[in-house]
2 protein chains.
Amino acid sequence: MPIVYCAIVCGLIAVIYGFVTSGQVLRQPAGDAKMQDIAAAIQEGAKAYLSRQYMTIAIVGIVVAIILAFTLGWLSTICFLIGAVLSGAAGFVGMNISVRANVRTAEAARTSMQGGLTLAFRSGAITGMLVAGLGLLAICGVFWYLTGPAGHAPNSREVIEALTALAFGASLISIFARLGGGIFTKAADVGADLVGKVEAGIPEDDPRNPAVIADNVGDNVGDCAGMAADLFETYVVTIGLTMVSIALLVQASAPDLMRLMALPLIVGGVCILTSILGTYMVRLGKGSIMGALYKGFWTTVILAVPAIYGVTRWAVGDMGAVIGGAGFLDAGSSALTPEATAGIAAHSFTGWDLFFCMMIGLALTGLLVWITEYYTGTNYRPVKSIARASVTGHGTNVIQGLAISLEATALPTIVILIAFVAAFQLAGIIGIAFAASALIALTGMVVALDAYGPVTDNAGGIAEMAGLPEDVRDRTDALDAVGNTTKAVTKGYAIGSAGLAALVLFGAYTTDLGKYFPDLRVDFSLSNPYVVVGLLLGALLPYLFGAFGMTAVGRAAGSVVEDVRTQFRDDDGIMKGTTRPNYARTVDIVTRAAIKEMIVPSLLPVLSPIIVYFLITAVAGQANGFASLGAMLLGVIVSGLFVALSMTSGGGAWDNAKKYIEDGNHGGKGSEAHKAAVTGDTVGDPYKDTAGPAVNPMIKITNIVALLLLAALAGGMAG
Amino acid sequence: MPIVYCAIVCGLIAVIYGFVTSGQVLRQPAGDAKMQDIAAAIQEGAKAYLSRQYMTIAIVGIVVAIILAFTLGWLSTICFLIGAVLSGAAGFVGMNISVRANVRTAEAARTSMQGGLTLAFRSGAITGMLVAGLGLLAICGVFWYLTGPAGHAPNSREVIEALTALAFGASLISIFARLGGGIFTKAADVGADLVGKVEAGIPEDDPRNPAVIADNVGDNVGDCAGMAADLFETYVVTIGLTMVSIALLVQASAPDLMRLMALPLIVGGVCILTSILGTYMVRLGKGSIMGALYKGFWTTVILAVPAIYGVTRWAVGDMGAVIGGAGFLDAGSSALTPEATAGIAAHSFTGWDLFFCMMIGLALTGLLVWITEYYTGTNYRPVKSIARASVTGHGTNVIQGLAISLEATALPTIVILIAFVAAFQLAGIIGIAFAASALIALTGMVVALDAYGPVTDNAGGIAEMAGLPEDVRDRTDALDAVGNTTKAVTKGYAIGSAGLAALVLFGAYTTDLGKYFPDLRVDFSLSNPYVVVGLLLGALLPYLFGAFGMTAVGRAAGSVVEDVRTQFRDDDGIMKGTTRPNYARTVDIVTRAAIKEMIVPSLLPVLSPIIVYFLITAVAGQANGFASLGAMLLGVIVSGLFVALSMTSGGGAWDNAKKYIEDGNHGGKGSEAHKAAVTGDTVGDPYKDTAGPAVNPMIKITNIVALLLLAALAGGMAG
């Protein structure tokens, strides 16, 4: 229990850091009246959208909570609500600071690059620490209450179901937030570009464009609030399911199990501390902006090594003593073939093994960051090849971009698989779970890097709209360009954690199955045709989901275009600059479109596992129903990993290829190559900011719904 | 044996049909001197390319043959060579008739639509019947020789290895032919469009464009020769592996086994006859061109029902008698878990069961054709939505096209899975194999519909270049528009057969494994991490392969653009129309580029299974090496199915969205919407004609290499 208390303290430090730094940020000057006016419009729009979005999600959430209350009881329902509310809170707080930091960053950029960088990054760090801190506090709180005051054993059914329900709450909110925010931001962005840049021939962020405020609102509700909810979900699911796996798989005395289950918590805790230290290392010095951000990132990673060593030693005592061993699997293995059991549980491990697994997680994080930078940075072959292909036109730009997006899946997959095999060799499934936990423990720093992006993007927009001098805009542009890469990094990181966690999630499913249905023999072999059916249906989900997301953006952007055209037509003064366009109306239109469009695709991963289970059970019996459902969980990862990686990397590469041309290559702004690159960027927008990133929570939801379905079916039989 | 003789007779009838109809086609008037001149240039270019391509493939083929001779012996080597030579021959003969029919179709279209349609379709039917006929003769010949004069049992190792090697020969050639031809045709097409339509502002097929002959050559070497080699491969692999599965799985007396293994052969035979009858029903009447083609298709399908009933009854005798039964699995099941064995072999079946499975195959063919038409035809929502999105620009056109391409995977996957489960419920894996065989037995008719496309495309080009009257061009355009849909149909059909055959291929692998390594316990359960590794590596292959294919087209198209620019610069007379451009030089450049670019990606699926096996064996032992390899086979199908379906349907939809606008919608030719649609079409080109269709042979190669690797490893241990 002292380990859990320490983890709680770390979580509280993160929250305190958030409040203190918020105060620092808000004390900075907020610019002149015009800037404050613009910022207020963005704030108002973002709040209006977020409250409408949360209202809609609340309805879904309440329906789900009622279903949970009837099927799984009040404990799961409360945990579900905690996860849901905190996921929403993480997004809301992040957005709230971001819409205040934007104008202050623009003001700070008037005097120096360092000033703008510090402010934008600090505001990102607030979001980052709150995401990690709230996530850690949620899991610690639930675990502490259940194993302490409520007196349940750490591997009791109550603890496992509570952690799963907590993760479900976080996931359910995050898929809506990611998708709704993603549709909003890209519909506004694409719509504003189409009607502003292309039709009216006015520059980006021109205040005469009625969609320009909606575009800036989108950065905050999509890239900030949506992203924060997503990473909160990833954090809770990864740490939570690592604990669930330990509870399900490791045979040890209750105190030993307690300490082992607390290890991922305290790892998360100390990594929050190293992340906070890292944020103070983000200084420009002589290097580039990217270099300054990397200084913070690498400081966090390097400090994490001794910190993780220390807490591992604390938790396991003797680093060389064997944990687990024979009779390793706890219960209910009779539902599995002997081989399946062997696959999950064949390993015993030592403290050193766990430490090395976590080092693998840290190394994987570094590699994923580096690969993402290679595929989306302007200094390397991929982005340059897209820029070069733009010279011969729109078509070749898109062809090369698609080629890069397909190619960009290879290296991440290979390094994930190497990490996967290495961690498994060291400590079996538990090893993989710890590698994933160490990777995700860096969330605070990674989210800080990401949330920095929308702030600088907004700052640039405000500088343009408020007519600040050219050199201010140059500084915000330079800060913003780096944001494209850091935004891509987070997405690769989140989906990488899902890839790594694939077998952990499946392992939780199979052992749960053994626990709940000890008499059922389920065949997960690839030669079972219902396994193949499940794999293919699972693989279909990311495609369908991607199709919905892309179509939604196209449709919503169309309504933006129409509204702007109407405004231009009805009031000549707008283009002359004499009347102010009706920004709020456009924001309202995108808001309604995004909320309408997010519902059906978000329900897809919630309902699919349930439908597949009942359908296959009806056709081929319950054992095959469970086999299909299990295979579906892996199918959705096998295809989702590639869909998400290709979309996010490809989109980032397209975006920066445009930036590379705007920097004066291949004819620069206004050239034919630039027009082609703008097309590529437009295509990449829903790829990288709507469909691609939402695949990550989609994968988790499918898995968690399957776990809850198991519990509900077992409860129904027992009751 | 009489069944095999009858199948041989059907194969011979197909070949005779080919010769007789060739004579009819060649006797038609070949147009005026100018037309013949153009046609001669296309013929020359196509022959030059194909002979260079075959020379390159021959080198690879000989190397592989030598390796096979040392590892698997002379019998496999000879069968490999038969498969390779006939696959090449199918492509060569198809191309040869196509380059002669094109000019005759243009000439016939001078007088009537029916004349052009008949000629183009007849020439397609020649290719179709030769593909099916040669495929059937190859399998029948090998099977007859080995079980007759050579005296081997039908389920002996010799028969199984010979059929596998035959399939390997066909697959190896077809992946080179599909990819090389695909790169050629799209590099020439994209290059010609970019530099002609976009830069020089001259229409498509303008004789002043030096790349115009290369573009027409491409239709023949890619859409005709490459497609024919691909379908030959699909035919041989599907029928051959159905026989292998029967040999491996069904426990019956030698004569019963003989007759059961001959059933797919005679089903192929009678479907050739119904296909030939179908070709005579392609008449315009009052309906549309598509309707005329459908008359032929549906006649073939409907006649196939009683024909298949008849031969099934002949082969099994009593339609109600049980075949298989307990003790069903033949040999070597010890490598598998009891569940795995159950999955493969749990079913006994009757003649009626087999008949209904084949009906499922026919129904699936019809559904796949209908779905493809829905997604790529100009009358339905998908194509119309892309056309509408073109109004707002290049970006929205591409976004909507990508959305449709993602969405287009859903319905085919679902109908394939329904067919899969239904066939499995009736007769287990053997049922699925028979469903796939019945589907593929319609190859003659399906290829006829497809090969019709490049002929009309070329006819249009020749009509334009030879300056034939407007109304002739209108007729060839109308014929060509339908070709876009029929071309998409074949690709969906081929990849659908691969999806259906997934478990059959995996079943052959697992039972082979049991035969060759009876003492090894291999765990194919999804909870084995090496299975997950294999699934993900397999899923990566289509992505990498797609990336290579797309990049290759971009690069080769770039060299076309440069050559054409040089020609325009060096000789003013070309644009004035006073000097003839150097067509041959452009053809030569594309030829060299395509051949260079096809090699590395084609070797990817050949080498990957071998590398994965040895790598995982080194890390985690032989059992896990085999588990990873087996999972890779399913991984490549799970992801390949979606990549191929999305690319081919999406590409077809983009192409027809352009055609839809050219028909006068959304502003028609020359409007901004049209320009955006041209971009989409350009993007779709390498999607649908290079990367997408080549995924089908790629899937097969990976599977067959794995089977041969097993045999080679077993042989090395035995010898």
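**Helix packing, symmetry and empty space**

Visitor: How do helix 14 and helix 15 of chain B pack, at what angle and how far apart?

Guide: Helix 14 (residues 443-465) and helix 15 (residues 470-516) of chain B pack at about 145 degrees, with their axes 7 Å apart. Axes are lines fitted to C-alpha atoms, for helices over the stretch in contact, and angles run from 0 to 180 degrees between N-to-C directions. Helices (H or I, at least four residues) are DSSP runs, numbered from the N terminus. This is a predicted model, in which local features need pLDDT of at least 70 and side-chain atom pairs count only at pLDDT 80 or more, while totals for chains, interfaces and linings use all residues. Residues are numbered from 1 along each chain as its sequence is written, chains are lettered from A and ligands numbered from 1 in the order in which they are written, and side-chain values use heavy atoms, with hydrogens and water left out.

Visitor: Is that crossing left-handed or right-handed?

Guide: The crossing of helix 14 and helix 15 of chain B is left-handed; that is, the near helix is turned anticlockwise from the far one by less than a right angle. Their contact has 10 nonpolar, 9 polar and 6 charged residues. Here Ala, Val, Leu, Ile, Met, Phe, Trp, Tyr, Cys and Pro count as nonpolar, Asp, Glu, Lys and Arg as charged, and the others, Gly among them, as polar.

Visitor: Which residues of helix 1 and helix 3 of chain B meet?

Guide: B:S22, B:V25 and B:L26 in helix 1 of chain B meet B:I97, B:R100, B:A101 and B:R104 in helix 3 of chain B. Contact means heavy atoms within 4.5 Å. The axes of helix 1 (residues 2-27) and helix 3 (residues 74-109) of chain B come within 9 Å and cross at roughly 35 degrees, in a left-handed crossing.

Visitor: Changing topic, what turn lays chain B on chain A?

Guide: A turn of 180 degrees, with a shift of 0.0 Å along the axis, lays chain B on chain A with an RMSD of 0.0 Å. That is the relation of a two-fold axis. The copies are superposed by least squares on the C-alpha atoms of residues with pLDDT of at least 70 in both.

Visitor: Which residue of chain B comes closest to the rotation axis?

Guide: B:S525 does, at 2.0 Å (C-alpha). In addition, 100% of the interface residues of chain B are also interface residues in chain A, so the copies meet through the same surface.

Visitor: And how many cavities are there?

Guide: A search of the whole structure finds 11 cavities of 30 Å³ or more. On a 1 Å grid over the protein atoms alone, a cavity is a set of points where a 1.4 Å probe fits but cannot get out, and lining residues have an atom within 4 Å of a point. The largest cavity has a volume of about 180 Å³.

Visitor: What lines the largest cavity?

Guide: It is lined by 16 residues, of which A:L406, A:Y687, B:L406, B:S646 and B:Y687 lie nearest its centre. The lining divides into 12 nonpolar, 4 polar and no charged residues.

Technical notes:
On a 1 Å grid over the protein atoms alone, a cavity is a set of points where a 1.4 Å probe fits but cannot get out, and a pocket is an open set with protein on both sides within 12 Å along at least five of seven lines; lining residues have an atom within 4 Å of a point. Grid points are joined across faces, edges and corners, and a volume is the space filled by probe spheres set on the points. Helices (H or I, at least four residues) and strands (E, at least two) are DSSP runs, numbered from the N terminus.
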